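Colleague: Before I rely on any label in this model, I would like to hear what stands behind it. Could we go through the terms one at a time?

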Amino acid sequence: MSRDIDLSMLKGICDDYALQGIETLKERFNILVHYDLVTGLPNRTLFISRLEDALKASKQNGSSGAIFAVDIDDFRKLSDTYGYLVGDELLRIAGEKLREA
């Protein structure tokens, strides 16, 4: 009888661990889908989703907002000339500065 209880408890622990693993995978997937891996900033998919939510909310409550856009002049030229690692580093630094602001 105690062997059955031990197996049942072990199964419960395994089920809990499997569910935690699934939740971790879901969180990682969400990060991969919604954030740029180089800068850590929200990507276009998340931006559009948040923008749509903000527009709906502004219609409901009559509020307004603004969009802040950043363009790095000649980024492609820099990346092509010095390589993608330099371009990625520039994006990473720009992302840090935006998060700090």
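What follows is a talk about the confidence, the salt bridges and the pocket of this model.

Modeller: This is a predicted model, in which local features need pLDDT of at least 70 and side-chain atom pairs count only at pLDDT 80 or more, while totals for chains, interfaces and linings use all residues. Residues are numbered from 1 along each chain as its sequence is written, and side-chain values use heavy atoms, with hydrogens and water left out.

Colleague: What pLDDT does the chain average?

Modeller: The chain averages 83, on a scale from 0 to 100 that gives the predictor's confidence in each residue, and 84% of the residues score at least 70. Among the elements of the chain, helix 2 has the highest mean pLDDT, 93, and helix 1 (residues 2-34) the lowest, 71; helices here are DSSP runs of H or I with at least four residues, numbered from the N terminus. Where pLDDT is low, the predicted coordinates should not be read in detail.

Colleague: Why is the contact between arginine 92 and glutamate 89 called a salt bridge?

Modeller: The term asks for a side-chain nitrogen of Lys or Arg within 4 Å of a carboxyl oxygen of Asp or Glu. The N to O distance between arginine 92 and glutamate 89 is 2.4 Å, so the pair meets the definition. Both residues lie in helix 4, 3 residues apart, about one turn of the helix.

Colleague: What makes Glu89, Arg92 and Glu96 a network?

Modeller: Arginine 92 also meets glutamate 96 in a salt bridge, at 2.2 Å from N to O, and these two residues, again in helix 4, are 4 residues apart. Salt bridges therefore link Glu89, Arg92 and Glu96.

Colleague: Why is arginine 92 called partly exposed?

Modeller: Buried means under 20% relative accessible area and exposed over 50%, with partly exposed in between (1.4 Å probe, protein chains only). Arginine 92 has 28% relative accessibility, so it counts as partly exposed; glutamate 89, at 34%, does too, as does glutamate 96, at 30%.

Colleague: What makes a pocket a pocket, rather than a cavity?

Modeller: On a 1 Å grid over the protein atoms alone, a cavity is a set of points where a 1.4 Å probe fits but cannot get out, whereas a pocket is an open set with protein on both sides within 12 Å along at least five of seven lines. The largest pocket is lined by 27 residues, lining residues being those with an atom within 4 Å of a point. Pro42, Phe47, Phe68, Ala69 and Val70 lie nearest its centre, and helix 2 gives the largest share of the lining, 7 residues.
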